[in-house]
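Have a look at the model below and turn it around a few times. We'll walk through it one chain at a time.

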Amino acid sequence: MKKLAMKLIGACSLLLLFLTGCTNKIAVLNPQGPIARQQYHLIIWSVILTAFIFAVVLIIFIYVLVKFGRKNNHAGYDPNNHGNTKLEITWTLIPVIICILLAVPTVKTLFALDGPPKPAEGMSKKEAITINVTSADWKWIFRYPDEGIQTVNYVVIPEDTPVKFNLFAHSSMNSFWVPELGGQQYTMPDMPMKLWLQADHVGNYLGRSANFSGRGFAGMQFHVLSKTDADYKAWIQNIKDTKPALTMSKYEDLLKPSNVKTSAFSSYPKELDKKDNKAMKKMNHMEHMDIPENHMDLKSQDNDMDGMDMSDDSTKGGK
Amino acid sequence: MIENIKSFLGSFFVTGDPMIYGADASIALASIGIVFYLTYFKKWKWLWDEWLTTVDHKKIGIMYIIAAILMLFRGGVDALLMRAQLIIPNNTFLTSQHYNEIFTTHGTIMIFFMAMPFIFGLMNIAVPLQIGARDVAFPFLNAVSFWLFFLAAMLFNISFVIGGSPDAGWTSYAPLAGLKLDPGVGENYYLIALQISGIGTLATGVNFLVTIFKMRAPGMTLFKMPMFTWSTLVTSIIVIFAFPVLTIALALMSIDRLFGAHFFTIEAGGSPMMWANLFWIWGHPEVYIVLIPVLGIFSEVISTFAHKTLFGYKAMVWSMIAISVLSFTTWLHHFFTMGNTAMVNSFFSISTMIIAIPTGVKIFNWLFTLNKGRIEFTTAMLWALAFIPNFTIGGITGVMLSLAPADYQYHNSYFLIAHFHNVLIAGTVFGVFAGLHYWWPKMFGHILNERLGKWAFWVFMISYNICFLPMYFIGLMGMTRRMYTFPSGLGWEPLNLIITLGAFGMGVGFLIMVWMIVYSAKYGKRDTTGDPWNGRTLEWATSSPAPEYNFAHIPQVETVDAFAHMKEKGTADSIYKAPFQAIHMPNDSGIPFILSVFFFIAGFGLVFEWYWMAIPGAIGIVVCMILRSFKDHDDHHHIPAEEVEQTERAAGRLS
């Protein structure tokens with residue numbers, strides 16, 4: 001039994017090592033923006049409280065095994081010891097208290113995450129930007145409706161600025177996740193969604209899809225580049241000046257199932273914005289009216305599966 | 001013409017992968033071997049009379065467990081293939097498609113065809129004995145349940161050599177599992193096989209509910225029932241409420257796929273999220289269907305080997321009931337990240353973390369059952385003891401996951417994978433292993449070898465931690481589930497390597513266990529007393545293996561731990577004292593097996609949309625039911641008193 005105890009102590013120290021040592025590599029424990037930081041604080045708070053419970057269980061467990069293991073004398077053996085109301089009430093109430101201690105910050109954080117992140121103390125509020133994200137099999141498409149540009153499999157944001165990602169799905173569901181900037185949200189074909197993220201500093205953050213979407217799923221990785229305001233503006237201008245325009249037929253090619261490399265376009269067909277807005281409006285309408293509407297944009301769903309002949313090599317090629 | 005046949009065969013059989021050809025060959029060889037063995041040793045009649053037609057709950061239990069161990073092997077091989085693929089970055093051992101099929105079948109098989117049948121097997125063996133009954137309430141239906149499960153499992157398993165396996169995950173989320181994004185027969189296998197085995201499961205739920213309510217020995221009130229019987233009762237109720245939801249969900253998706261409806265795809269106004277809701281309204285209670293029975297097993301094993309009555313019996317029962325009710329109020333926590341309002345997520349966060357309270361009560365009650373006991377470290381007890389800390393890790397990470405904002409960071413990452421394997425392995429798997437060791441003497445009349453059992457325990461349990469603890473960290477690093485490969489340079493390599501080593505260690509543990517079973521069959525210590533562990537409940541009052549009729553006389557129950565009480569009072573021999581009377585028993589029947597074969601035929605036809613095959617299969621099902629309805633008058637027989645006396649004498653019970 002001592003072996004078991006040693007192993008458990010080993011496991012715990014491993015846990016501590018990870019929590020204190022190499023957090024840089026552990027994206028979730030290395031928050032780089034206010035959203036991720038709120039979630040990080042909640043995670044640490046829950047680790048502390050649950051580790052307390054685990055420690056109590058472990059101490060009692062080791063105590064009873066050492067004290068009442070068969071090899072010891074039978075002092076204290078009491079086969080009819082069948083209960084103790086006071087003790088039982090105690091170990092019902094303590095978890096109740098812990099649940100309350102967890103529930104209050106959970107609910108607070110949930111409501112806080114619903115809106116844009118508040119500016120840090122002493123900082124002036126910066127205008128939020130909006131980016132429309134579409135997941136298609138198996139790539140991420142980013143459209144900047146205010147700038148009229150589109151990128152694929154990477155997205156550039158200004159540092160210290162709240163970014164509202166509107167999330168759409170072309171066919172299967174995916175989940176939009178950039179662990180260092182904040183938790184994920186699904187992209188769903190029948191329901192546009194939103195996710196607020198913000199980066200504290202200039203940096204390069206890895207994102208990926210967290211919901212399985214078929215053969216090319218493992219390649220659904222993208223980068224979020226955070227730049228200074230000046231660099232961000234320069235980047236947009238550069239895209240507008242140097243990249244090709246996206247035509248509707250090119251866009252439809254892009255939607256076909258495949259893994260692709262990163263790319264950027266100086267403009268995209270305006271009807272895509274219209275479609276996105278219509279879906280958003282319908283969503284808002286549904287939230288208020290609670291009446292489902294059945295007419296969906298059939299055209300966007302009517303893509304045939306001709307592109308399915310991708311080989312597995314191409315999955316790995318497209319980063 | 002020949003071209004047509006060629007192209008048909010090419011799509012009918014899965015081709016192109018040497019591993020699949022290997023599987024084809026091994027399936028063919030194993031089948032030939034079995035047929036040869038049965039023919040050469042003239043065992044066909046024995047197989048039919050003793051096993052295929054039996055309605056004896058103990059034999060059905062044994063068949064459930066054999067099938068579950070086979071499925072554990074199959075699901076385990078799937079797991080090892082996945083881990084072999086993920087041992088290094090950018091590995092090409094498996095293709096994406098092959099990997100997707102394997103993780104789908106791994107999950108589906110482990111839940112539906114390993115965990116549940118293993119548990120049903122132990123219920124079948126122990127519950128009628130624990131309540132002093134001669135069989136379950138509906139023995140015929142019990143056989144139907146088993147054969148439906150077994151043939152559904154076979155139907156699901158042939159998918160990897162015939163037609164192709166499902167590849168949309170065991171959760172089979174729409175729209176990915178819809179016809180457009182996933183053409184082919186794979187998903188049909190999933191839908192039809194689970195539907196067939198689900199019918200069997202629902203029948204099992206009804207069967208055990210009625211058995212426990214109506215067939216308890218005189219004097220055994222509800223609050224004098226053994227804890228495993230209580231857990232079975234609670235589980236049966238969850239099954240009855242949860243499984244119809246799965247039935248409906250599977251039926252709707254089958255209609256989508258086979259007849260072109262759009263319940264779960266948006267083309268005609270369907271909703272993919274509806275599938276997520278229906279699936280998890282069944283799926284979360286399902287987690288407790290495979291967990292609550294093992295909580296009962298742990299209570300039995302811990303109390304027996306601490307040689308002490310269970311601490312806080314009533315609290316144990318009420319906490320189980322509380323968990324079963326709460327299990328229906330938490331399904332949404334499986335998709336906190338699907339755009340719910342803050343209010344909705346708050347509700348489900350809190351309803352989820354509340355489950356920790358009754359679960360915590362149970363953990364402390366087990367700890368205090370050990371307190372003031374005389375703990376005996378048998379293999380069964382080791383599995384039960386290991387459950388406490390290992391399951392607690394799964395429990396506290398479950399609480400961490402219940403915090404919706406934090407879940408946004410854990411969802412679908414390896415953190416989640418680590419969590420549910422921590423509860424399902426430390427809970428369900430440790431539990432069925434504990435139960436297997438504990439009840440093995442009652443099933444077969446000998447004790448499993450303790451030395452090999454302990455080796456298997458330590459190898460498996462340590463490897464399990466090596467495998468799953470690193471997953472928490474690799475999840476926090478951003479690795480998501482169901483990635484068939486991962487890029488290098490993200491710092492994921494060392495942990496993935498460790499995880500794979502742990503997985504193979506568990507495989508070694510499993511092999512030791514199989515060797516232990518084979519070795520014990522030959523050299524295992526015989527159990528001549530019927531009570532090898534100094535047990536406390538009624539299954540230990542009869543001889544090992546239990547006779548067909550279970551008890552020569554139905555026991556009289558006065559307290560909890562009825563058998564311990566009888567031994568104290570010196571009345572333990574009251575159940576096998578002469579004179580004996582004739583005992584009324586159900587007749588064997590071939591109909592459950594034949595009925596299930598028709599289900600298999602109809603199911604296979606539906607998978608391939610071959611209605612010329614499905615319709616005759618369906619007719620066969622109806623004919624079997626009609627035949628059964630006419631056999632009501634001669635479905636039982638009496639074992640004469642003399643035969644009962646002979647059996648008891650042969651078991652050494654009469655001097």
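How much of the chain over residues 87-107 of chain A is helix, and how far apart are the end C-alpha atoms? Keep in mind that this is a predicted model. Over that stretch of chain A, the chain is 100% helix and 0% strand, with 31 Å between the end C-alpha atoms. Now go back along chain A to residues 40-66: here too you'll find 100% helix and 0% strand, and the end C-alpha atoms sit 38 Å apart. Both stretches, 40-66 and 87-107 of chain A, carry the annotation "transmembrane region" in an unreviewed UniProt entry.

On to chain B. Its secondary structure adds up to 22 helices and two strands. The radius of gyration is 25 Å, close to the 26 Å that the globule rule gives for 655 residues, so chain B is as compact as a globular protein of that length. If you'd rather think in terms of a box, the C-alpha atoms of chain B fill one of roughly 70 × 60 × 45 Å along the principal axes.

What about the inside of chain B? Of its 655 residues, 65% count as buried. Take the contacts in chain B with a separation of 6 or more: 82% of them come from residues 24 or more positions apart.

Finally, the outside and the charges. Chain B has an accessible surface of about 22300 Å², and carbon and sulfur atoms account for 72% of that. Chain B also has 35 positive and 37 negative charges, and the mean positions of these two sets lie 8 Å apart.

Conventions. Residues numbered from 1 in each chain as written. Chains lettered and ligands numbered in written order. Predicted model: local features only at pLDDT ≥ 70, side-chain atom pairs only at ≥ 80, totals over all residues. Heavy atoms only, no water. Helix = DSSP H or I, 4+ residues; strand = E, 2+ residues; numbered from the N terminus. Rg over C-alpha atoms; globule rule 2.2 N^0.38 Å. Buried < 20%, exposed > 50% of the residue type's maximum accessible area, 1.4 Å probe, protein only. Contact = heavy atoms within 4.5 Å. Areas by Shrake-Rupley, 256 points an atom, 1.4 Å probe, with all protein chains shown as cover. Lys, Arg positive; Asp, Glu negative; His and termini not counted. Charge placed at Lys NZ, Arg CZ, Asp CG, Glu CD. UniProt positions renumbered as here; feature names shortened; annotations may be inferred.
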